[in-house]
Amino acid sequence: WVDRAFTIRGAGTVVTGTLGAGTVRVGDELELGGRRVHVRGLQSLGAPVEEARGVARIAVNLRGVPREAVARGDALLTPDAWLAPTEFDVALRGVRGAELEPLPREVMLHVGSAAVAVHVRPLGGRFARLRPERPLPLRIGDRAVLRDPGRRAVVAGVDVLDVLPPVLRRRGAAARRADELAEPGGGTASGELRRRGAVRAADLVAMGIPRVEIDAVDSAVRADGWLVSPARAKEAVSALAAAVRAHDAAEPLEPGLTIEAARRAADLPTAGLVVAV
């Protein structure tokens with residue numbers, strides 16, 4: 001998370017902040033504010049270094065971004081490795097041991113060095129959905145605080161539970177979502193697969209789940225970079241059988257379903273998964 005940005009004559013844009021995890025090296029290509037940037041130089045503890053490992057305070061000399069395009073609260077990221085959710089689900093905690101109070105609909109979220117206005121949608125109990133005014137790079141397990149600007153006080157702590165939540169449309173969907181979030185297994189590869197039914201492996205990694213844990217889920221049906229849970233695969237097979245029967249009854253002289261028609265009937269994200277399930 002960037003806390004300062006400035007220009008050094010002859011060097012260009014420099015940002016400072018805390019490297020929370022991972023490794024940054026001179027020459028790396030990174031992402032900042034939606035654009036690709038390159039690391040020209042690094043300092044840690046006031047001395048030049050070739051690489052820095054988290055957790056560490058660092059200064060990064062960047063090529064490819066003007067000073068005016070960087071602000072406090074921006075994040076320097078590994079390219080294509082993060083989700084930037086426009087909504088995310090959280091568990092709320094009371095402050096300093098106090099009971100959790102009802103929250104205003106609009107509060108400030110403080111995470112890293114960012115302070116972003118968010119809309120609060122209660123889901124039930126201690127769970128809520130937050131919609132920030134701009135997308136934020138978050139992962140399951142991240143912690144933050146909510147501050148009420150009117151009262152000038154922190155009103156809740158936040159534990160991020162889901163950065164790729166489902167759309168809530170039907171009556172009672174919020175309460176059902178709260179029940180789902182209360183179930184054990186959230187934030188694990190097997191738990192997220194069971195909850196979602198089908199999910200891209202790359203999205204699980206971007207949520208913060210280790211690749212080795214994802215690879216260890218031997219019950220999943222896999223194809224085209226996707227994982228499908230056994231329960232979801234069983235539903236897909238039943239839907240496929242019904243679709244084939246309906247097609248044969250309606251068009252007995254025609255060949256069977258195309259793969260694309262079968263994919264739509266089974267509600268699967270890729271054609272490769274039709275064969276896999």
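**Reading a barrel, a helix and a few odd loops**

Trainee: How many aromatic pairs does the count come to here?

Mentor: Zero aromatic pairs, going by the rule that ring centres must lie within 6.5 Å. The general idea is that you describe two rings by how far apart their centres are and by the angle of their planes. Keep in mind that this is a predicted model.

Trainee: Then which residue lies over the face of W82?

Mentor: That's R139, sitting 3.7 Å from the centre of the W82 ring. Here the charge has to be within 6 Å of the ring centre.

Trainee: On to the strands. How are the strands of the closed barrel ordered?

Mentor: General idea first: backbone hydrogen bonds pair the strands of a sheet, in a parallel or an antiparallel sense. In this structure, six strands close up in the order β10-β13-β12-β11-β14-β15, and the pairing is antiparallel. From one strand to the next, the twist averages 45°.

Trainee: How many bridges join β10 to β15, and how many join β10 to β13?

Mentor: β10 and β15 share five bridges and run antiparallel. Across that pairing, D89 faces D162 of β15. On the β13 side, β10 is held by four bridges, antiparallel again, and there F88 is opposite L130.

Trainee: What about β12 and β13?

Mentor: Those two are antiparallel, with six bridges between them, and R121 is across from R129 of β13. They form a hairpin with two residues between the strands, where G125 has a positive phi near 60°.

Trainee: How many residues of β13 are buried?

Mentor: Five of its six, so β13 is largely enclosed by the rest of the structure. Buried here means a relative accessible area under 20%.

Trainee: Take one residue as an example. Is V145 buried or partly exposed?

Mentor: V145 belongs to strand β14, residues 143-148. With a relative accessibility of 33%, V145 is partly exposed. Leaving aside residues up to four places away in sequence, V145 touches M108, L109, H110, V154, A156 and G157. G157 is 12 residues away along the chain, yet the C-alpha atoms of V145 and G157 are 4.4 Å apart.

Trainee: Now the helix. Which residues of α1 are buried?

Mentor: In general, an α-helix has 3.6 residues a turn, so side chains three or four places apart point the same way. In α1, residues 173-182, the buried ones are A173, A174, R177, A178 and L181. Looking down the axis of α1, these buried residues fall within an arc of 140°, so they line one face of the helix. On the face turned away from that side, D179 and A182 are exposed.

Trainee: What do the buried residues of α1 pack against?

Mentor: Their partners are β10, β12, β13, β15 and the helix α2, residues 189-196. As for how α1 is laid out, it crosses β10, β12, β13 and β15, at about 105° to β12.

Trainee: There's another sheet further along. What is its strand order?

Mentor: That one is an open sheet of three strands, β16-β18-β17, with antiparallel pairing. β16 (198-200) and β17 (221-223) are at the edges with a single partner strand each, so one side of each has no neighbour in the sheet. The twist averages 20° from strand to strand. Between β17 and β18 (residues 226-228) there are three bridges in the antiparallel sense, and V228 of β18 is the bridge partner of V221.

Trainee: Where is D224, and is D224 buried or exposed?

Mentor: D224 is in the loop between β17 and β18. Its relative accessible area is 52%, so D224 is exposed. Although not a glycine, D224 has a positive phi, about 55°.

Trainee: What about D80?

Mentor: D80 isn't a glycine either, and its phi is positive at about 60°. D80 is found in the loop between β9 (76-77) and β10. It is exposed, with 70% relative accessible area.

Trainee: One last backbone feature: which residues does a cis peptide bond join?

Mentor: G54 and V55, with omega at about 10°. Look for V55 in the loop between β7 (51-53) and β8 (56-63).

Note on methods
Residues are numbered from 1 along each chain as its sequence is written. This is a predicted model: local features need pLDDT of at least 70, side-chain atom pairs count only at pLDDT 80 or more; totals for chains, interfaces and linings use all residues. Side-chain values use heavy atoms; hydrogens and water are left out. Two strands pair if DSSP finds at least two bridges between them. Axes are lines fitted to C-alpha atoms, for helices over the stretch in contact, and angles run from 0 to 180 degrees between N-to-C directions. Buried means under 20% relative accessible area, exposed over 50%, partly exposed in between (1.4 Å probe, protein chains only). The arc is that of the directions from the helix axis to the C-beta atoms. Contact means heavy atoms within 4.5 Å. Rings of Phe, Tyr and Trp (its six-membered ring) pair if their centres lie within 6.5 Å; planes under 30 degrees apart count as stacked, over 60 as edge-to-face and the rest as tilted. A charge sits over a ring if NZ of Lys or CZ of Arg is within 6 Å of the ring centre and within 35 degrees of the ring normal.
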